[in-house]
Amino acid sequence: MQLTLWTYEGPPHVGAMRVATAMTNVHYVLHAPQGDTYADLLFTMIERLPRRPPVTYSTFQARDLGGDTAQLFKEAVANAFDRFQPQAVLVGSSCTAELIQDDPGGLARALNLPVPVIPLELPAYQRKENWGASETFYQLVRNLVKPADKDLSAAPHKPSCNILGPTALGFRHRDDVREISLLLQALGIEVKVIAPLNASVEDIRKLAQADFNVVLYPEIANTTAQWLERQFNQPYTRTIPIGVSATREFIREVTSLSELPIPAGLEDDMHSVWYSRSVDSTYLTGKRVFLFGDATHVVAAARFASEEMGFEVVGIGTYSREFAREVREAAKKYQVEPLITDDYLAVEEQIKHLHPELILGTQMERHIAKRLNIPCAVISAPVHIQDFPARYAPQMGFEGANVLFDTWVHPLMMGLEEHLLGMFREDFEFHDGAAPSHLGSSRVAETPVTALREVAQTELPKPITAQPASSTWSTEAEKELGKIPFFVRGKARRNTERYALEQGLSTITVETLYDAKAHFSR
Amino acid sequence: MGCANTPVISEKGQRQVFCGLTGIIWLHRKIQDAFFLVVGSRTCAHLIQSAAGVMIFAEPRFGTAIIDERDLAGIADANDELDRVVSELLARRQDIKLLFLVGSCPSEVIKLDLSRAAERLCKQHMPHTRVLSYSGSGIETTFTQGEDACLAALTETLPARTSQGKHLLIVGTLADVVEDQLSVLLRKMGIEHFDFFPPRRSTALPAIGPETVCVLAQPFLADTARQLESKGVKRLEAPFPLGAEGTTKWLRVIAQAFAIDHFRFEEVTQAARQRAEQSVARHRTQLQGKSITFLPDSQLEIPLARFVYQELHMKLLEVGTPYLHRQIMTPELEQLPSSTRLSEGQSLELQLDRCDADQPDLIVCGLGLANPLEAKGFTTKWSIELVFTPIQGYEQAGDLAALFSRPLARKLKLVA
């Protein structure tokens, strides 16, 4: 048993859901108890999908356990097939169903559906979300892909590739795919299939027709790419095109696979290199940065941080044990201790110990950073809704490097501001503990108590002498006001005072407070 | 009028609901020295964290003891493991006075006996920390039923009341501000001896005795009510304190039980009641005549339907509830129009088909369905907000109405 307060990854069936939801015409039937549908809201809320994930749950309850949960599952599969008419059906168990040992694969096959039924074995007590996504994608490909037509592939044709790895709920997958597709197009390479994101069952069948594969997210696509290489001699790319140097390396890797020259003009819209060289960025030199996230993003970000931003990498870690080796290698390069853990308290300890000036991490590190008052930017899942932005915001390619530069610099103090801080260290406005002016006051953010005190101070009805007609607050009313959430308290106070003034009341009581609330409520 | 006797559509099938573990999210905010330790899988941990959203604290007062393959294979004795995890936890969190071991689907299926574990751990950690257990598993509980299970477990530990005089126990988690408002009204009526359950601190558990009567502030507390009744506490039957009408009727039942005279009651409640009516009326202009469907979620659906029908004059199409406890709900059902289609349980796809056929102006539903329904052109109010927001009592009646009018107002505002 392991005591867990927060988890970086969900259970493996959530990974399977990410693959199913990414695709257009598969349906996943999950043998699961009531409540497991919570995972739907990750897709409909965090990613803001305008449709339900293509997942049906068998929803067994305690009273079903003695009886026939297997029958329940079969009905769920049959009904889901009738209603949604998918071209392939994924079936599997969530953690609880794994314990009751119905066999989803066998049960679904017994229905003789006219489409492929792919059983997923996802060991919920050993593995996690990314592994689940990887395994699901692999099983889909294994079961569906067809060998390429020999004559066709022998005939002269434009070099072609597939893009493997993007899924639903992937950190910036939507825009990375667009950025890299445009890059490949500019290199004269045809993108045959992008999978699993927006791929159909038909698309998966055609995977073997391309000359090579581009792996964007090894956590999800490596197993599949390795299998495709073994089966169909399709080589796959190893470089993750995050950062300008890595993108250039990626271009070299791809052009050597496609045997095409590198065209001019690829870097026309790239600004991050010049921005980094501009004098305003000098103060970034040697900034101590700590990185944590999934292995791929962390390793790539460390390179960008060190080679293209001029930061000093003081710590690096990952929660993905499957890719610990890559992170250990990188750690050697920066001569730091790798941190391989999925315990966010261990990450917090490490950060406290290293006292970096910038944290690049996940949603969790953002909260740690907030607590420790350290600037932070998000580079990896798990992320919250604000990291599924409406605007174009890739991490990969040249535009991705532009995005990274802006995103990472933003939380840091501007150079001049930092200079002023140094000069006027003792000044009451520019003291050591002051946060960047564009991020609000740290003193307010520090603790709710100070925040409240500050609000109370600034909101005190100062102009008592200036406005003789103003009313005073009774102790109870003041206390009652304190119960209102601090972010609307100022408004409540102003409204109540205005109301009291209009009504000619000299004392504000609890009654007045609520009378005013009723008066102004809309 | 009244649909206490109308037939209910009772459905089985796929359910789009939370499990009882979700109750931890508001319970741990209410009981400030309690820790909720789920004994379950990574799914359970992921669920609570997804549902708790941005509620990340210095250290949250909930966590999961994740069962791993060693526990399942019997390599590690699950009970020893649990003892170890609890000791680690309590060593780190010295401030915890009450620890709940919360059962989940996996722990129930492998039949890990948490009540015995709690007894054992209680002996070990008393008097510093009391350890209790309840089940929040999806196979047994739906969403707010988690609170019911928790409070039912806590009921067992309520001390005996020694002082004399009639005593009122208000049962169900309410926001602190709501508790305070209700307290003021009760005191003004002359009712001095009352307690809220659950209390804000586990060390201040209310005592109950032969002169205690209880009233439910939340509709989903059937087991807790039964437990209290078995301990000789009489339950007052009342509708729930939602809206001006609901609050007045709820308070009146209490006033009558405490023999408060009519005049006094009117005097105390009149001003607040008028305020509530006035603020609700503003929303009525926008909402009256609009049709509404509730999908099952929290068991608050029936009282909420009564509120929107009675005070906002909305047209009820379907009112779905995960579980219908007739006895508790009778005072509410009597006030619903007999044309209301009631449903208990869920077969999600069939229910969505009915929504398609009905084309309601507003659908109250969970977060997994809200955006997909909006994208199909429906207007939705996501239901979980109705559990987290203070909506009970007079001063919140306007806020409650606003929760229903805001989505429609927004539709009207947006031009693109």
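How much area is buried between chain A and chain B? I looked this up before anything else, and the area buried between chain A and chain B comes to about 6,200 Å², with carbon and sulfur atoms giving 58% of it. Buried area here is the accessible area, taken with a 1.4 Å probe, that two parts lose on being put together, summed over both. In chain A, I noted that Met1(A), Trp6(A) and Gln34(A) lose the most area to chain B, together 16% of what that side buries.

**Ground rules**

I reminded myself that this is a predicted model, in which local features need pLDDT of at least 70 and side-chain atom pairs count only at pLDDT 80 or more, while totals for chains, interfaces and linings use all residues. Residues are numbered from 1 along each chain as its sequence is written, chains are lettered from A and ligands numbered from 1 in the order in which they are written, and side-chain values use heavy atoms, with hydrogens and water left out.

**Confidence**

I checked pLDDT, the predictor's confidence in each residue on a scale from 0 to 100. Chain A has a mean pLDDT of 89, with 88% of its residues at 70 or more, and chain B averages 94, with 99% of the residues scoring at least 70. Over residues 441-468 of chain A, pLDDT stays under 50, and for this stretch the model has 21 contacts beyond four places in sequence. For the model I also wrote down an ipTM of 0.94 and a pTM of 0.89.

**The interface**

Counting contact as heavy atoms within 4.5 Å, I found that 65 residues from chain A and 79 residues from chain B take part. I then looked for polar contacts, meaning a pair of N or O atoms within 3.5 Å, where within protein one must be able to donate a hydrogen and the other to accept it, and residues adjacent in sequence count only if both atoms are side-chain atoms. Across the interface, 30 residue pairs are in polar contact, both residues being at pLDDT 80 or more. Helix H24 (residues 510-520) of chain A gives six residues, the largest share of the side of chain A that touches chain B; helices (H or I, at least four residues) and strands (E, at least two) are DSSP runs, numbered from the N terminus.

**Charged pairs**

A salt bridge is a side-chain nitrogen of Lys or Arg within 4 Å of a carboxyl oxygen of Asp or Glu. Eight salt bridges cross the interface of chain A and chain B, and the structure holds 50 over all chains. I looked at Asp515(A) and Arg275(B), whose side chains meet in a salt bridge at 2.7 Å, N to O. Asp515(A) lies in helix H24 of chain A and Arg275(B) in helix H11 (residues 262-287) of chain B, so the pair joins two chains. I also noted Glu511(A) and Lys188(B), a salt bridge at 3.6 Å, N to O.

**Paired strands**

Strand E1 (residues 2-4) of chain A runs antiparallel to strand E3 (residues 62-66) of chain B, and three bridges join them; two strands pair if DSSP finds at least two bridges between them. Thr4(A) has Thr64(B) as its bridge partner in E3(B).

**Backbone details**

I found a cis peptide bond joining Ala381(A) and Pro382(A), with omega about 0 degrees.
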